[in-house]
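Colleague: Before we begin, I should like to ask how the terms used for this model are justified. Please set each value against its definition.

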Amino acid sequence: MQRRDFIKQLAASGLIGMPWFEAHAAPAKKVQGRVVVIGAGYAGTTLAKYLRIWSGYGIEVVVIEQNTQFVSCPLSNLVLGGSRSINDLTFGYDLLQQHHGIQWVHDQVTHIDTTARKVTMRRGEMTYDRLVIAPGVDFNYSAWPEMQHAEAQRLVPHAWKAGPQTVNLRQQLESMPDGGVVVISIPKAPFRCPPGPYERTCQVALYLKQYKPKSKIIVLDANPDIVSKKALFLNAWKALYPGIVDYRPNSTVLHVNPVTREVETEFEHVKADVLNIIPPQRAGKPAQMAGLLNVDSNWCAVDFRSYASTIASEVHVLGDAVFSPQPKSAHIATSHAHVCANAIVAIMSGQEPDPEPVFANTCYSFVSDRMAVHVANVYRYDAEKKLMVTMDGGGLSDAPSDLEGTYAQSWARNIWSDALT
Amino acid sequence: MRFPVYTRFWSGLLLLSATGVYAEPASFPAHTLTLAASCAVCHGTNGHSATGFLSLAGMDAPTFVAKMQAYRTGSQAATVMHQHAKGLTEAEITALAEYFSVQPPQAVIEPQAQPLDLQHE
Ligand SMILES: Cc1cc2nc3c(=O)[nH]c(=O)nc-3n(C[C@H](O)[C@H](O)[C@H](O)COP(=O)(O)OP(=O)(O)OC[C@H]3O[C@@H](n4cnc5c(N)ncnc54)[C@H](O)[C@@H]3O)c2cc1C
């Protein structure tokens, strides 16, 4: 049956008056073309899946990912606290590929030519009609030449991409004698997961309190204050981990000795037994290869109705690599993917993307093995500001609770199911 | 190639089309699809929660609207939903009510956790 006949039939049945039908935006014919997606983290997996579904399985989607496994950063701080294993947070990509007919290339992107619309990998090359770059973050060690070697990053892990680095940091905590000092260094905002370093502080404190009660944590924060959920974290440190957390604001690390695990700030010299430096960050390497870092040479400016780069309109950038006032979270990364998937389907079928996208964000943080807190907001596109702006009514938890811990674990299972199957 | 989830989805829709409602996945405007998908991280894909609690799929539209209104006014206590409900327009809530009410039953598939390969970048 032709679409026009359907509409006639619907008109006869009276259904055309239904609110959702009037705004019906389904493409009149099958959308075609090839979209290449670089990076299968939270943003890339979600984009690939919804692009297939919302194009009625018309658009050809090719994903290029350097790793064979997906390892979740959300919940990875719990590996340090000991209530989760990294193997609980590691998954394959097979179901996603099979369920949605996504073409998968396991390779590392090494070069991008946006004029020729060509992506080069270690083992081959590929052309595209539209390109989506969802590369996560790249760590910028340029302030500390002494940290640039792989060996230095093994001695002083960042553990800010979940995986072997997380396991390494946990092992260092296990090997540390009681009475030791753990130093956690936090870079100036913006960085991936604003509440993450403070959640990590809770998780390390939980481990120390149970197994090494004479030890302490010095938090060297380059920011003038706790960046996210301040009162909730301060209360948690005081109530749950008294005497363990020593928080020092305005403390940018200027020099690092990775071998002796000593750091220097403008004010002091600190010696650690376990040193965790979360480095400054910028958009991941594939975005750099495409020359898209046009904000402070670190982040990518995009049109928030389509996530098209403001430099190259047929290249979209998603997730942590994007410059925006929103937190760099997994939930936000998937929302970028939803807006972008809808926009690509519209553009490739000659229609306009949604002019005013709206989405929600929630970041849960675990303050112990069971109790969590959250920050939640709804964001809406503002055509004048050309930004996603925060709606009234958002906010924080009143206090940590077991109930929110249960919701946070449920959040993880649902986002994994949505992104990976 | 298998599409297990969506064969089930499509057969549900065939039923609907037999009764005259033609609803393909993209039958909702992009605006509603994006918004409904942003609820999925807590309520599951299309409102089918993996953990069995908080599913929204199949909830009848008036019940959905009443619950959202109760979160907005504060007459229903909540950990987080008052903060989500207040940011939406009435029209968005009506559209979401419609969206979740027509989602047919669907089994939730979860990815299997596996041991980490230490070569991971
Ligand atoms: C400790 C910690 C805790 C966190 N907790 C939470 C939380 O509770 N809730 C929450 O919402 N967010 C949380 N986050 C933030 C969340 O992890 C990120 O916002 C999210 O991962 C961003 O997704 P992304 O797709 O942009 O990047 P990523 O998930 O990093 O994905 C990028 C992908 O690109 C691939 N890639 C990069 N370069 C190449 C290349 N050259 N070739 C091929 N592939 C490439 C990478 O291998 C990777 O798979 C946390 C982060 C950390 C570090």
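Colleague: What makes the pair formed by the side chain of A:Glu65 and an oxygen atom of the ligand a polar contact?

Modeller: A polar contact with the ligand is a pair of N or O atoms within 3.5 Å. In this predicted model, an N or O atom in the side chain of A:Glu65 is 2.7 Å from an oxygen atom of the ligand, so the pair meets the definition. A polar side-chain atom of A:Asp320 lies 2.8 Å from a ligand oxygen, and a polar backbone atom of A:Tyr364 is 3.4 Å from one.

Colleague: How do you know how much of the ligand the protein buries?

Modeller: Accessible areas come from the Shrake-Rupley method with a 1.4 Å probe. Taken alone, the ligand exposes 1000 Å², and the protein buries 93% of that.

Colleague: Why are some residues of the shell around the ligand called charged?

Modeller: Asp, Glu, Lys and Arg count as charged; Ala, Val, Leu, Ile, Met, Phe, Trp, Tyr, Cys and Pro count as nonpolar, and the others, Gly among them, as polar. By that rule the shell holds 16 nonpolar, 11 polar and six charged residues.

Colleague: What is the mean confidence of chain A?

Modeller: The mean pLDDT (the predictor's confidence in each residue, from 0 to 100) is 93 for chain A, and 93% of its residues reach 70 or more. Over residues 1-28 of chain A, however, the pLDDT is below 50. Where pLDDT is low, the predicted coordinates should not be read in detail.

Modeller: Residues are numbered from 1 along each chain as its sequence is written, and chains are lettered from A and ligands numbered from 1 in the order written. Local features need pLDDT of at least 70, side-chain atom pairs count only at pLDDT 80 or more, and totals for chains, interfaces and linings use all residues, while side-chain values use heavy atoms, with hydrogens and water left out.

Technical notes:
Contact = heavy atoms within 4.5 Å. Polar contact = N/O pair within 3.5 Å; in protein donor to acceptor, adjacent residues only side chain to side chain.
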